[in-house]
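Here is a quick tour of one protein chain, written for someone new to reading structures. Take a look at the picture, then work through the points below.

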Amino acid sequence: MLRQRPSRSALLLALLLLSLLPGAGSALPASAAPPDSARATLDAAPVPGRRPHAAPDSARRAYRAWLRQLRAHVVADSVARVDSLARADSLPRADSLAQTVAMPPPRDYVAEVRANFTPQNRAYSTTRAALGFIEPLYGILLGLFFLFSGLSAWMRDLAQRLSRHSYVQVLVYLTLYLVLGFALGFPLAYYRDFALEHRYGLSAQGFVPWFLEQLIPVLVSFGFLGVVPLVKLAYAPVRRFPGHWWLVLGLGTLPVIVAGAFLQPLVVEPLTNRFTPLQDKRLEARILEVAERAGIPARNVLQADMSRQTRKISAYVSGFGPSQRIVLWDTTLKGMTTDEILFVVGHEAGHYRLHHMWWGILFITGVSFLLFGLSAGFMRWAVGRWGGRWGFSELHDIASMPLFIVALTLFSFVAQPGMNAFSRRLERDADTFGLELTHANDAAARAFMKLGSQNRSNPEPSPFVESFEYDHPPLIERVRFALSYHPWTEGRPNRLYVPKD
Ligand SMILES: [Zn+2]
């Protein structure tokens with residue numbers, strides 16, 4: 001839900017975009033609205049971002065966090081290893097929803113979820129959880145390195161020697177920053193998004209294609225921040241309104257986010273994947289029937305060839321207004337039974353119909369004011385204390401960029417529990433909507449169980465970890481809810497889904 005730039009909002013947007021830069025950990029509200037990715041999605045594994053395989057350094061992490069927010073989440077971002085999928089496929093195919101409703105599940109899914117959380121899965125999930133804390137710290141240390149080493153001031157001086165035009169100066173500074181940031185952040189990115197995923201059999205990608213995909217966010221940042229040039233625009237209010245620039249940037253966030261949300265599926269997502277109508281025509285008919293009952297046009301339900309990159313399974317809603325669509329990963333279509341897929345569609349239809357993109361946009365805009373306001377105070381203090389050592393005395397000096405990133409990363413980390421709580425609330429509503437639409441309690445529980453058990457995520461995290469890392473409710477909670485929520489069998493009205501007739 002967030003990105004892009006309408007007129008003056010472009011300025012503001014810039015700030016948002018700053019968080020895309022290397023070192024910007026999750027400057028954007030990471031789980032705020034349309035989340036799904038990474039952290040806790042359905043599964044426990046913090047896989048930030050929708051593209052589980054990708055994204056390396058903090059830049060990438062911020063990029064993913066951003067994407068995550070843009071999309072409205074997945075049912076499960078999780079993961080499913082190939083062997084697990086094979087096993088999953090052997091589950092009974094309960095294609096008839098009616099049948100599922102009539103017959104209570106004979107299996108103890110909660111016990112199965114717990115049993116499937118093996119020591120190996122625990123190791124993966126613990127590592128992921130730890131990375132959720134290490135990454136912001138790493139991003140902050142990286143920013144401080146740029147400042148205290150004098151590197152940032154040197155880059156500014158070099159840019160000023162090369163050109164007298166401020167546009168070119170910013171472009172030069174930004175290029176150096178992106179390249180150095182990518183290089184310095186690469187080890188962590190490689191470990192998190194390549195080595196770790198391969199060690200646990202979750203990635204389907206070789207090193208070269210993976211590496212090339214890591215360059216995409218860098219190029220996108222260069223295009224939007226430098227060429228466009230949003231960074232230069234963002235610095236304008238900092239110069240003009242030294243005391244209130246954070247208000248201007250906060251205001252500008254809204255249009256930027258709206259435009260970003262709109263363009264995400266049209267411009268950014270096609271850079272890494274192909275999106276097509278559903279290939280399995282029989283399955284498509286079933287899926288479109290569910291979508292139609294939810295009031296979602298058939299043209300807005302697509303599949304993506306995510307199997308090129310990952311073995312995880314997921315689905316999400318992205319886009320805004322005319323560009324909004326439900327996207328099902330092909331891995332999900334292959335790894336789940338029809339009734340499970342239909343529930344997933346119902347969940348995504350909930351995000352779509354309940355206008356979670358809008359709620360997410362409003363929430364993130366509010367959070368932006370908070371982040372910019374806190375950052376403004378912090379940066380004023382920091383420049384007063386260390387500005388001499390860093391080689392600049394004014395915030396509107398381009399050499400202050402790492403300081404912006406340090407501040408945004410710091411405060412967005414602090415705000416993380418609030419953003420995750422908001423996101424989990426939307427996810428619970430989407431689960432509720434999906435159940436009311438499909439009445440597929442058993443299939444929903446199986447879908448969650450499949451995602452969870454195969455995704456190596458902790459189905460019952462500690463409250464602390466849940467608060468900082470889970471933008472979806474823990475698995476056990478979702479399974480229990482799926483099995484217990486059926487007001488239609490008790491003559492009670494739906495809470496969220498209103499049938500058309
Ligand atoms: Zn969701």
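**A residue in a loop**

Histidine 439 sits in the loop between α16 and α17 (441–454). Keep in mind that this is a predicted model. Histidine 439 isn't a glycine, yet its phi is positive, at about 55 degrees. Most residues other than glycine have a negative phi. As for surroundings, histidine 439 counts as partly exposed, because 19 other C-beta atoms lie within 10 Å, and a residue needs 20 or more to be called buried.

**The chain overall**

- The protein chain comes to 19 helices and 4 strands.
- Of its 501 residues, 59% count as buried.
- Take the contacts between residues at least 6 apart in sequence: 84% of them join residues at least 24 apart.

**The sheet**

- In what order do the 4 strands of the open sheet line up? The order is β1-β2-β4-β3, and the pairing is mixed.
- β1 (275–276) and β3 (315–318) stand at the edges with a single partner strand each, so one side of each has no neighbour in the sheet.
- β3 and strand β4 (residues 325–329) run antiparallel and are joined by 4 bridges. One pairing to look for is alanine 315 with leucine 328 in β4.
- The hairpin of β3 and β4 has 6 residues between the strands, and glycine 319 in this hairpin takes a positive phi near 90 degrees.
- On the other side of the story, strand β2 (residues 301–304) pairs with β4 in the parallel sense, again over 4 bridges. Here alanine 304 has tryptophan 329 of β4 as its bridge partner.
- Is β4 mostly covered or uncovered? It's mostly covered, with 5 of its 5 residues buried.
- Arg325, Val327 and Trp329 point one way from β4, while Ile326 and Leu328 point the other way, and all are buried.
- Helix α14 (residues 338–353) lies across β3 and β4, and runs at about 20 degrees to β3.

**The nonpolar core**

- The largest nonpolar core has 109 residues. Those with the most contacts inside it are Ile326, Val345, Ala349, Ala444, Phe448 and Val479.
- Which helix gives the largest share of this core? That's helix α16 (residues 401–438), with 16 residues.
- Isoleucine 326, which belongs to the core, makes a good case to zoom in on. Leaving aside neighbours within four places in sequence, isoleucine 326 is in contact with Ile296, Asn300, Val301, Ala315, Val317, Val345, Glu348, Ala349 and Tyr352.

**Helices that pack together**

- Two packed helices are described by the angle between their axes and the distance between the axes.
- Start with helix α11 (residues 245–268) and helix α15 (residues 356–390): their axes come within 9 Å and cross at roughly 150 degrees. These two helices are therefore roughly antiparallel to each other, since the angle is over 145 degrees.
- The crossing of α11 and α15 is right-handed.
- On the α11 side, residues meeting α15 include Trp245, Trp246, Leu249 and Gly250. On the α15 side, they include Met357, Ile361, Phe369 and Phe372.
- Next come α14 and α16, whose axes come within 7 Å and cross at roughly 120 degrees. That makes α14 and α16 oblique to each other, and their crossing is right-handed.
- Where α14 and α16 meet, α14 brings residues including Leu342, Phe343 and Ala349. From α16 come, among them, Phe433, Gly434 and Leu437.

**Two more residues to find**

- Histidine 355 is in the loop between α14 and α15. Phi of histidine 355 is near 60 degrees, a positive value in a residue other than glycine.
- Is histidine 355 buried or partly exposed? It's partly exposed, because 13 other C-beta atoms lie within 10 Å.
- Glycine 387 is found in helix α15, and is buried because 20 other C-beta atoms lie within 10 Å.
- Not counting residues up to four places away in sequence, glycine 387 touches Phe392 and Ser393.
- Glycine 387 and serine 400 are 13 residues apart in sequence, and their C-alpha atoms are 9.1 Å apart in space.

Conventions. Residues are numbered from 1 along each chain as its sequence is written. This is a predicted model: local features need pLDDT of at least 70, side-chain atom pairs count only at pLDDT 80 or more; totals for chains, interfaces and linings use all residues. A nonpolar core is a set of buried Ala, Val, Leu, Ile, Met, Phe, Trp, Tyr and Cys residues joined through C-beta atoms within 7 Å. A residue is buried if 20 or more other C-beta atoms lie within 10 Å of its own, exposed if 12 or fewer, and partly exposed in between; C-beta atoms are placed from the backbone. Two residues are in contact if their C-beta atoms, placed from the backbone, lie within 7 Å. Two strands pair if DSSP finds at least two bridges between them. Axes are lines fitted to C-alpha atoms, for helices over the stretch in contact, and angles run from 0 to 180 degrees between N-to-C directions. Angles under 35 degrees count as roughly parallel, over 145 as roughly antiparallel, 65 to 115 as roughly perpendicular and the rest as oblique. A crossing is left-handed if the near helix is turned anticlockwise from the far one by less than a right angle, and right-handed if clockwise.
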